[in-house]
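User: I'd like a close look at one part of this model: the charged side chains and who they pair up with. Start there, then follow the thread as far as it takes you.

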Amino acid sequence: MPLTKLPRNPDYDEACDICDHWQLNDWQPMLNIITERHSIDVTRFSQNFDGTNPVFELTLNSGSGKEHAYIVKVLAPNWYSQFQSEYLSLKLLNGQDLGIKVPELLYSGEIENWRYLVIEKIEGVMLSSVVDTLTIDNKVEIAQALGQFSARLHQLHGTEATKMKLDWPEFIRLQRQNCYEKRKKQQVSRVLLEGLTSYLDLHISRLEPFLNSENSHLIHTDLHPGNLMVTEQRGHYRLVGIFDFGDALVCPDPLFEFASPALLFAQGEPRIFHAFLDGYGYQGTRDAGLQQHLMVLSQLRHTGDLNYLLHHVPHCEDETCWQALESKFFPL
């Protein structure tokens, strides 16, 4: 007798439909199993609709009068790799001094082939909810702190990181092989698609210094305002937390981390991107070569919608040339 209504082996469309449309009542049997299994005393369940995976907040019966909560993240069997990435990342990061808080992994498990993670709730609000109200100076300060976090993250090593390590040359080969069709499905404009292969042919050599490197770095890959927590004091916001390691990986090219902060936080403002690079301690040359390197990595990314970026990074929507996009995507 099934414990929940969840299908054990949903196809892609069925999994997407469940994750997108099920309401709290539909998920309640699974949440009840989780709380009973781990002896979590809950006074209230709520559903968070911001992410792509089902996420729930469990308000705890703390007895102290001060509200305390856990977060439950549920992942369909179709996205087991995301569960594995987040599970291994948090196991490695918990107890590490990164300067910025990451969630503590409390429990994990499986129910009818669906995985779940129970993590602590980080204080603050998502940066994405307030970013439009921030001054440039405040954004610069946050970007620098984000760069410092990234540098510390990239220096970590452990058993969990070894399990996440990519065959980088093979990853690049496959991403390049599938790049055109992937971006076509994302409805990138015809004129940009026509120039995609020739741009990659011209600039993919930028990646060669890292292809066979023995170095390895844990890369979050998705450091954008929707995954950053901030707190406010007298109108000034400070970066206090980073979450969602579901797309994390280990690879030899640390620049793979730089794309999301540039594209989705700097948003065409050079001071913000330079602040991230300063915080990271980036020693390389800040020129067209760096921009081309990052553009190639962005075209080959395993996650993200390139067409979305073209419509959300300022002054890019009508651009017809990849070369012209370099300085807009990665402002220096």
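Analyst: Lys-101 sits at 40% relative accessibility, so Lys-101 goes down as partly exposed. Bear in mind that this is a predicted model. The partner here is Glu-120: the two side chains form a salt bridge, with N and O 2.8 Å apart. Glu-120 belongs to strand E5 (residues 114–120), while Lys-101 is in the loop between helix H3 (80–93) and strand E4 (105–111), so the contact ties together parts that are 19 residues apart in sequence. The two ends don't see the same amount of surface, though. Glu-120 has 16% relative accessibility and therefore counts as buried, because the cut-off for that label is under 20%. So this pair has a buried acid and a partly exposed base.

That contact is one of 12 salt bridges in the count. Another one that links distant parts of the chain is Lys-5 with Asp-26, where the closest N and O atoms are 3.2 Å apart. Lys-5 lies in the segment before H1 and Asp-26 in helix H2 (residues 24–37), 21 residues apart. On accessibility, Lys-5 comes out as exposed at 57%, whereas Asp-26 is partly exposed with 24%.

For a local contact, try Arg-173 and Glu-170, whose side chains meet in a salt bridge at 2.8 Å, N to O. Both are in helix H6 (residues 168–185), and with their positions 3 residues apart in the numbering they are about one helical turn apart. Arg-173 is partly exposed at 43%, and Glu-170 is partly exposed too, at 30%. There's also a case that goes beyond a simple pair: Lys-73, Glu-86 and Asp-244 are joined into one network by salt bridges that share partners.

What about charges that aren't paired off like this? Asp-11, Asp-13, Glu-14, Asp-17 and Asp-20 gather in a surface patch of negative charge. Residues with a salt bridge are left out of patches by definition, so these five acids have no such partner in the model. Asp-11 is in the segment before helix H1 (12–21), and at 47% relative accessibility Asp-11 counts as partly exposed.

Following the thread away from the charge pairs, there's a sheet to look at. It is open, has 3 strands in the order E6-E8-E9, and pairs in the antiparallel sense. Strand E6 (125–126) and E9 are at the edges with a single partner strand each, so one side of each has no neighbour in the sheet. Don't read "edge" as "out in the open" for E9, though: 5 of the 7 residues of E9 (residues 236–242) are buried, so the strand is largely enclosed by the rest of the structure.

On the E6 side, 2 bridges join E6 to E8, and Val-125 stands opposite Val-230 in E8. On the other side, strand E8 (residues 228–233) pairs with E9 over 6 bridges. You can read the register from the facing residues: Met-229 is opposite Gly-241, Val-230 is opposite Leu-239, and Thr-231 is opposite Arg-238. Val-230 therefore faces Val-125 in E6 and Leu-239 in E9, given that E8 holds the middle place in the order E6-E8-E9. E8 and E9 form a hairpin with 2 residues between the strands, and Arg-234 there takes a positive phi near 55°.

One last spot, without any charge involved, is Phe-258. Phe-258 lies in the loop between strand E10 (249–251) and helix H9 (259–266), yet at 0% relative accessibility Phe-258 counts as buried. Phe-276 is 18 residues away along the chain, and the C-alpha atoms of the two phenylalanines are separated by 8.3 Å.

Conventions. Residues numbered from 1 in each chain as written. Predicted model: local features only at pLDDT ≥ 70, side-chain atom pairs only at ≥ 80, totals over all residues. Heavy atoms only, no water. Patch = residues over 30% accessible without salt bridge, like charges linked within 9 Å, V, L, I, M, F, W, Y side chains within 5 Å. Areas by Shrake-Rupley, 256 points an atom, 1.4 Å probe, with all protein chains shown as cover. Salt bridge = Lys/Arg side-chain N within 4 Å of Asp/Glu carboxyl O. Lys, Arg positive; Asp, Glu negative; His and termini not counted. Charge placed at Lys NZ, Arg CZ, Asp CG, Glu CD. Helix = DSSP H or I, 4+ residues; strand = E, 2+ residues; numbered from the N terminus. Buried < 20%, exposed > 50% of the residue type's maximum accessible area, 1.4 Å probe, protein only. Pairing = 2+ DSSP bridges.
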